[in-house]
Amino acid sequence: MATPHELDIDFSDIEEKYKVRLEEGFDHILVVDGVPVIDKSKLEKLLAKIAKEFTRKGAAIKPDDVSVPWNEKTGKSNGYAFIEFRNADAATYALNELNGHPFDAKHTFLVNRFTDIEKFADLDETYVEPQREEYLTKEHLRAWLADPQGRDQYVTYRGDEVSIRWHGRPSQCEVAFEDNQNLRTELYVSWSPLGTYIAALYRQGIRLYGGPSFQLQARFFHPFVRLIDFSPCEQYLVTWSHEPIVVAENIPKGPRSFSTEDEGNNIAIWDIKTGHLLRTFPSILPEGEGAKKQMAWPALKWSPDDKYTARLTPGQQISVYELPSMGLQGKKSLKIEGVVDFEWCPHGEKEREDAAKASKKPTENMLAYWTPEVANQPARVTLLDFPGRTVLRQKNLFNVSECKLYWQNQGDFLCVRVDRHTKTKKSIFCNLEIFRVREKDFPVEVVELKDTVTDFSWEPKGERFAIVSSSDPNLGNPGPGVTIKTDISFYQLDRSKNDFKLLRTLAGRTTNTIRWSPRGRHVVLATVGSTSKSELEFWDLDFNSDDVVKKDPPKEEWNSGIQQLGVADHYGVTDVEWDPSGRYLATAASAWTHTIENGYAIWDFRGQEIEKRLLDRFKQFLWRPRAPSLLTKEQKRTIRRNLKEYARAFDEADAAEETSVSAELVAQRKRAVDEWNAWRVRVAEDIAEIRPEREPHGGAAAARKEKVEEEEDKEEIEVWIDEVIEQFEEVVE
Amino acid sequence: MHPRREQQIIYLPFTPKQNFEFCSDRGCASHERSLTQIKFNKEGDLLFSCSKDHIINVWFSHNGERLGTYNGHNGTVWTIDVDSQSRFLVSGSADNEMRLWSVQTGKCLFVWEFPTAVKRVSFSDDDEQIVCITEQRMGHQGAIRIFNVHRDGDGTAQDLEPVSMFHPVGSKATVCAFPYMPGLILTGHESGKVALFDASTGEEVLSNERAHMDVVTDLQLSPDGSYFITSSKDKTARIHDAKTLIVLKTFPTETPLNSAALAPNMPYVLLGGGQEAMSVTTTSLRQGKFEARFWHRIFEEEVGRVKGHFGPLNTIAVHPAGTAYASGGEDGFVRVHHFDESYFKARPYGEVEILN
């Protein structure tokens with residue numbers, strides 16, 4: 001019913017607006033470069049392979065969608081292909097997922113948008129000098145090691161607050177960093193093994209902070225992360241979340257985030273410097289009925305040089321991955337039937353020095369593993385070198401119920417704690433099989449014990465170890481309020497006979513934790529986690545000898561050097577840690593375990609309390625680890641020789657400190673008293689104004705005091721008074 | 001290595017000279033349940049105690065002999081106060097009654113009845129008024145009432161109606177007292193607040209919302225009423241200026257505190273508390289748990305501890321002359337300690353003139 005009037009109207013603008021746009025763009029087409037050059041015969045196979053590769057990555061295509069242009073002259077393909085997708089979104093997804101994807105050993109896909117090709121072709125050919133970016137000085141990540149006072153740092157986590165403090169002389173115990181806007185955590189904090197970074201766990205993932213102002217250095221997106229582990233040289237980070245990885249649709253893709261093939265896994269390995277995700281794994285739970293459903297952590301064990309990381313599949317194999325590719329080393333795992341546990345041999349100072357010298361061939365890594373008795377095979381401990389994969393030493397063991405491997409931290413000795421059962425399988429006793437790794441053919445020494453060993457600990461850089469053994473009938477069924485009686489024994493390598501000899505046994509203790517000073521010699525025995533005992537014992541194992549002649553064999557009597565330096569008590573102690581210099585010991589009572597008298601204390605190596613803080617909701621105390629010293633052996637020796645000169649400077653500083661502290665304290669007290677007295681005078685005037693009739697307070701008190709004094713002078717006289725109130729006579733008739 | 005740092009606690013060289021424990025095995029029927037409040041009279045010769053066993057006792061403070069009891073309440077007696085002439089005793093109980101007693105005869109002179117339990121009572125300086133706090137329960141708001149005391153006659157003729165009554169809004173009041181400023185009531189609250197109310201209008205004149213982080217458990221005035229000490233479940237005790245409510249001193253401890261008292265003539269404060277029975281996980285009597293703690297009033301440093309109780313300390317009172325103190329515990333014991341010479345002579349911080 002168009003009126004002539006209407007026909008005059010120009011609809012072009014509306015038509016323009018609502019015109020149906022045909023799919024005329026080429027946004028849904030990708031150009032894939034790096035495709036193998038082939039001839040016609042292989043075309044079908046190639047198309048199928050490309051389609052499969054894309055589909056595997058979540059970008060589903062059919063072989064028909066791929067078109068490969070031909071060079072008619074040579075009769076071969078040009079080495080690239082066009083792929084058509086359903087829509088532009090699918091193309092974008094495929095671009096993100098497959099750009100740089102290794103197709104096979106020789107070919108890597110380079111994916112571009114079809115529409116971009118023209119853009120790149122038309123690029124201005126003239127070279128334009130790029131703008132030089134302003135150089136920003138980054139903070140030195142190890143600046144704290146250069147502290148002129150040589151102090152150590154520690155982090156405390158209390159309530160929601162994380163703070164990092166210096167520990168030194170009383171006047172130098174200041175807060176190094178406390179900014180809860182920036183450095184927070186939702187679970188706990190952790191230092192990296194050389195102290196460079198501090199990791200904070202958030203719901204979304206991990207953040208690493210470092211430098212003097214603790215700026216954000218890196219972040220790793222792993223939702224609901226619960227556990228983390230650093231590689232020994234701080235190059236890599238392993239994270240674990242209970243929640244399997246889910247790849248959300250709207251999250252930008254890239255090398256730093258999870259992709260579809262990571263879905264369902266729990267463990268992720270990251271490169272710390274680049275922030276790239278290297279690989280993910282599902283977590284392995286121990287199989288079998290009745291087995292404790294607890295995952296072993298760390299799930300990946302690192303070789304000390306960060307070159308390899310190994311994962312155990314209990315009972316089957318050890319899979320060793322090379323870094324940074326995270327590919328399986330040698331393309332196959334170490335198949336070891338029944339393998340229960342393994343440990344890498346740590347590198348000592350010698351290896352580190354060798355590694356620094358480029359001329360020497362880097363030392364091979366070594367790992368030790370053990371297998372239990374299976375069928376007619378005896379239990380076995382094996383030393384294996386890697387990547388050579390040759391068996392260096394094997395030792396058969398019998399009647400084994402459990403083994404535990406302990407490397408000395410320099411890799412000089414390996415102790416295998418073997419829990420053996422008697423023939424009746426009723427009782428358990430313990431053997432210590434000690435491998436001397438530095439010697440030819442790896443000689444093994446056996447220390448036989450009658451009791452159960454609950455803890456074992458090597459002296460760092462030393463030839464001694466300490467064990468906690470117990471014959472308490474309550475062992476194995478701990479109940480509330482039960483404190484298990486233990487014995488502590490020290491052993492030392494006797495150089496002349498090449499065996500380990502008992503130094504001394506401390507009987508009838510409740511100690512369950514041994515903490516060696518990181519420099520050796522000093523050791524702390526602690527009763528941790530008990531509700532009734534919380535004793536700390538400080539021992540020195542070289543009391544008679546000076547530090548300078550430490551390496552000499554003891555000429556005096558065998559165990560004369562052992563001396564107790566002090567005893568202390570920290571109620572409810574849950575954690576005991578030495579500082580990295582071995583000068584101080586920190587003990588903490590964490591609110592994660594109980595809520596009574598939470599807080600921490602710092603002691604010196606003699607067991608004298610230096611600092612104690614009782615803090616509600618206190619959770620975590622961690623010393624900041626130190627990187628290994630850069631000084632050579634000669635330099636260290638010179639320092640040790642001139643120790644007396646250095647000591648003088650420190651003694652003077654100590655004396656100055658003491659006088660300044662006490663002067664300051666006296667002044668502070670005087671200020672407090674003056675303040676109070678001035679306030680009292682003001683208040684007395686005020687009261688006098690309000691209640692003029694009332695005696696000023698000071699006077700009243702003085703009067704009362706006088707009265708008391710008077711009373712004290714007085715003699716006490718007791719008088720009985722008979723008061724006759726009424727008296728009348730009744731005459732009885 | 002720096003030298004060992006100065007010990008944090010400088011212990012006073014005193015040992016309590018005499019210990020009186022008012023306990024059942026000494027033949028005198030003492031309290032069978034935990035103590036709720038103890039009070040010295042003005043001269044300090046009498047000590048009043050009340051407990052959850054419904055009975056109020058009065059003792060001679062110098063030898064621990066019991067002088068008598070005040071029987072009549074049918075519930076936990078939460079609070080007592082005695083006037084400066086040792087003539088009247090007022091008590092508040094969980095049986096919703098406040099009673100006025102004759103100190104001398106032990107007779108109940110008057111009974112006020114309320115809809116809820118009485119948690120705190122206090123005489124004014126001039127003995128003319130009583131302030132009391134009643135609980136917030138069963139639809140009844142917590143209330144603060146002020147009564148006039150008719151001192152003439154035998155004391156049985158009292159007004160049933162208060163001269164003033166008001167309901168503090170917000171957090172309920174737990175403790176109260178008359179400060180030196182006339183016409184004001186000083187209160188401590190469940191939220192940790194400390195406030196001043198106008199006694200006639202019930203208007204909140206001044207408050208310090210963040211005085212404590214948890215329930216205020218006790219409030220004791222200085223002899224002139226110009227400052228006061230509060231204890232709290234937040235494990236601290238604090239001294240406040242009564243006029244401005246500014247916190248002057250803080251005494252942080254590691255256990256929840258139930259009571260705090262000022263030691264007259266000496267620059268110390270006494271704190272008592274301990275983990276509640278339900279939150280104690282260990283059976284061992286750990287040192288430092290159930291002790292009376294002495295802190296320096298000005299320097300805010302702990303100077304000593306006195307052991308003795310088997311449970312948390314619920315209430316502490318100091319002899320008005322400062323020669324003795326008494327503590328009442330959850331264990332049902334009242335312990336009286338007389339200070340010896342060394343306590344008065346000790347100058348752990350040297351000679352410093354400190355005004356009381």
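Is B:Val169 buried or exposed? I looked this up at the start. B:Val169 is exposed, because its relative accessible area is 63%. (Buried means under 20% relative accessible area, exposed over 50%, partly exposed in between, with a 1.4 Å probe and protein chains only.)

**Ground rules.** I am working with a predicted model: local features need pLDDT of at least 70, side-chain atom pairs count only at pLDDT 80 or more, and totals for chains, interfaces and linings use all residues. Residues are numbered from 1 along each chain as its sequence is written, chains are lettered from A and ligands numbered from 1 in the order in which they are written, and side-chain values use heavy atoms, without hydrogens and water.

**Entry: chain B.** I placed B:Val169 in the loop between strand S13 (164–166) and strand S14 (173–177) of chain B. (Helices, H or I with at least four residues, and strands, E with at least two, are DSSP runs numbered from the N terminus.) I then checked B:Glu204, 35 residues away along the chain from B:Val169. Their C-alpha atoms are separated by 9.1 Å. Chain B as a whole has one helix and 28 strands. Of its 356 residues, 60% are buried.

I also looked up the UniProt record, an unreviewed entry. It places "repeat: WD" at residues 28–69, 70–111, 209–250 and 306–336 of chain B. (Its positions are given in the numbering used here, feature names are shortened, and annotations may be inferred rather than shown by experiment.) I examined residues 306–336 of chain B. That stretch is 0% helix and 52% strand. Its end C-alpha atoms are 11 Å apart.

**Entry: aromatic rings.** I searched the whole structure and found 46 aromatic pairs over all chains. (Rings of Phe, Tyr and Trp, the last by its six-membered ring, pair if their centres lie within 6.5 Å; planes under 30 degrees apart count as stacked, over 60 as edge-to-face and the rest as tilted.) Why is the pair of A:Trp344 and A:Phe386 edge-to-face? Their planes stand at 90 degrees, so the pair earns that name; the centres are 6.1 Å apart. The pair links distant parts of the chain, 42 residues apart: A:Trp344 is in strand S22 (residues 341–344) of chain A, and A:Phe386 is in strand S24 (residues 379–386) of chain A. Both A:Trp344 and A:Phe386 are buried.

I noted two charges over rings. A:Lys301 has its charged end over the ring of A:Phe342, 4.9 Å from the centre. A:Arg624 does this over A:Trp144, at 3.7 Å from the ring centre. (The test needs NZ of Lys or CZ of Arg within 6 Å of the ring centre and within 35 degrees of the ring normal.)

**Entry: strand S24(A).** I followed A:Phe386 into its strand. Seven of the eight residues of S24(A) are buried. Strand S23 (residues 365–371) of chain A pairs with S24(A) in the antiparallel sense, over seven bridges. (Two strands pair if DSSP finds at least two bridges between them.) Here A:Phe386 is the bridge partner of A:Asn365. S24(A) also runs antiparallel to strand S25 (residues 391–397) of chain A, with six bridges. S24(A) and S25(A) form a hairpin with four residues between them. In the turn, A:Arg389 has a positive phi of about 60 degrees.

**Entry: A:Thr510.** I found A:Thr510 in the loop between strand S33 (499–509) and strand S34 (513–516) of chain A. A:Thr510 is buried, because its relative accessible area is 9%.
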